Amino acid sequence: MSTAPAAPTAPIALPPLANDRFLRACLRLPTDATPVWLMRQAGRYLPEYRATRDVAGSFMGLATNPELACEVTMQPLRRYDLDAAILFSDILTVPDAMGLGLSFAAGEGPKFAKVVRDEAAVAALAVPDMDKLRYVFDAVRTIRRELSDANGVGKVPLIGFSGSPWTLACYMVEGGGSDDYRLVKTLMYQRPDLMHRILAVNADAVALYLNTQIEAGAQAAMIFDSWGGVLADGAFQQFSLAYTKRVLSQLKREHDGHRIPHIVFTKGGGLWLDEIADSGCDVVGLDWTMNLCRARQITGDRVALQGNLDPNVLFAQPEQVREQVIQTLDSFGRHTPGCGHIFNLGHGISQFTPPESVSVLVDTVHEHSRTLR
Ligand code: CP3
């Protein structure tokens, strides 16, 4: 474990918000209650989401329409007392803009028309023109307008996001989802030179994409390394973490005089928590396999923690959801100066989740966490 720097003492400028709990927790400033938002909070478990997607015709039709993307971003905030909004989009918009041709067949996962598996395909890769992703930045601006009151004060902050270079590479090489990561790992072990070139292009594309989201109004930036945890020790550091760091080193830390927190979520990354905490991010996202007290001991006051309830808890009875939420909050423990916790699930919410379970979760987080101050 490395020595932790002291908690920030200089005043940190936060944007004007009616509710700034999320940003405060990201920056390890005191909060009255623990902020909460959920990965995939806008999604198929909400009937109003499914109705809007039907209007758009498809998932990509929805994601590329800034008004409809704004509408679905706002839907979970109308139902629940959430402390942050997350841009409605997908991590795969970046490889799509690189010309790989993304589609989502109804009821199936993502598919790319072109894959990146040989020397010629790797040589053809380049950081895409951000104009191809204009619909994302237009959605960011539309959502920020929708979140603002007449005086320009936001209801809650808006989180922008991207996939990590490694997670994007998994989809670009496999051509879609995978159970065994055979093709991407074959390329990694047989032709590490080609893999490093894909990851370098992805890192620079992700950095530019996130910085453009920040300039459009995203108030925090999250990197989803959903498949970092499938790598072997050693390979993780070389092929995933090194390129997440390459992104972080290029990200804007401030915009309009306000601090922009950077969040890194590596699913299955608990074993490498100490190294991830040294990556230069402000917040580390954790999946449900990690104990928050143990994570806090490892990270000290280097970073805030985000997580980490098992999404399947939401299939239990309301009283059981309540108990599990309390257990997660208690595992983080009492708040002390320089610590920060953002409550979330350990991965995205399931499409089969009963919407009522989410109310129980959100209300329990706010209520119980006040007793831990
Ligand atoms: O969190 C939010 O509410 C914001 C929206 C968001 C989506 N995808 C919307 C979406 C975010 C942050 C993502 C990230 C994403 N997308 C990740 C990283 C996080 C994770 O879950 O690990 C990954 C790996 C993807 C790739 C992806 N997109 C897959 C594998 C799928 C299909 C399978 C599935 O779980 O649904 C998608 C489609 C997708 N992205 C949906 C949503 C709401 C469902 C599509 C639909 O509405 O039909």
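Trainee: Which residues point one way from strand 4, which point the other way, and are they buried or exposed?

Mentor: L158, G160 and S162 point one way, I159, F161 and G163 point the other way, and all are buried. This is a predicted model, where local features need pLDDT of at least 70, side-chain atom pairs count only at pLDDT 80 or more, and totals for chains, interfaces and linings use all residues. Residues are numbered from 1 along each chain as its sequence is written, and side-chain values use heavy atoms, leaving out hydrogens and water.

Trainee: What makes strand 4 largely enclosed by the rest of the structure?

Mentor: Six of the six residues of strand 4 (residues 158–163) are buried, so the strand is largely enclosed. Buried means under 20% relative accessible area, exposed over 50% and partly exposed in between (1.4 Å probe, protein chains only). Strands (E, at least two residues) and helices (H or I, at least four) are DSSP runs, numbered from the N terminus.

Trainee: Why are strand 1 and strand 4 called a pair, joined as they are by bridges?

Mentor: Two strands pair if DSSP finds at least two bridges between them. Strand 1 (residues 85–86) is joined to strand 4 by two bridges, and they run parallel. A85, for instance, has L158 of strand 4 as its bridge partner. On to strand 5 (residues 220–225): five bridges join strand 4 to it, again in parallel, with I159 opposite A220.

Trainee: What is the order of the open sheet of seven strands?

Mentor: The order is 1-4-5-8-9-10-11, with parallel pairing. Strand 1 and strand 11 each have a single partner strand, so one side of each is left without a neighbour in the sheet.

Trainee: How many residues of strand 10 are buried, and which residues does this strand pair with?

Mentor: Six of the six residues of strand 10 (residues 304–309) are buried. Strand 9 (residues 283–285) is joined to strand 10 by three bridges and runs parallel to it; V284 stands opposite L305, and G285 has Q306 as its partner. Five bridges link strand 10 to strand 11 (residues 341–345), also parallel, with L305 opposite H341.

Trainee: Why is the unit of strand 9, helix 13 and strand 10 called right-handed?

Mentor: A crossover is right-handed if, with the strands pointing away from the viewer, the path from the first strand over the helix to the second runs clockwise. Strand 9, helix 13 (residues 292–299) and strand 10 form such a right-handed β-α-β unit. The chain then crosses from strand 10 through helix 14 (residues 318–332) to strand 11, and this crossover is right-handed too.

Trainee: Why does Q306 count as buried or exposed?

Mentor: Q306 has 3% relative accessibility, so it counts as buried. Its contacts (heavy atoms within 4.5 Å), leaving aside neighbours within four places in sequence, include F22, W37, M222 and I342. The side chains of Q306 and W37 also share a polar contact of 3.0 Å. A polar contact is a pair of N or O atoms within 3.5 Å; within protein, one must be able to donate a hydrogen and the other to accept it, and residues adjacent in sequence count only if both atoms are side-chain atoms.

Trainee: What is unusual about the peptide bond that joins G307 and N308?

Mentor: The bond between G307 and N308 is cis, with omega about 0°. Most peptide bonds are trans. N308 is part of strand 10.

Trainee: How do you know that the length of helix 4 agrees with its number of residues?

Mentor: The expected span is 1.5 Å times one less than the number of residues. For the 14 residues of helix 4 (residues 66–79) this gives 20 Å, and the end C-alpha atoms are 21 Å apart, which agrees. Ten of the 14 residues are buried, and their cover includes helix 2 (47–56) and helix 7 (134–147). At the start of helix 4, a side-chain oxygen of N65 comes within 3.1 Å of the backbone nitrogen of E67.

Trainee: Which residues are closest to the ligand?

Mentor: R40, R44, Y49, R53 and S226 are the closest of the 22 residues that surround the ligand, where near means a heavy atom within 4 Å. A ligand oxygen lies 2.2 Å from a side-chain N or O atom of R44. For S226 the corresponding distance is 2.5 Å, and a polar side-chain atom of H347 is 2.6 Å from a ligand oxygen.

Trainee: Why is R40 called buried or exposed?

Mentor: R40 has a relative accessible area of 53%, so it is exposed. R40 sits in the loop between helix 1 (21–26) and helix 2, and its phi is near 65°, a positive value in a residue other than glycine.
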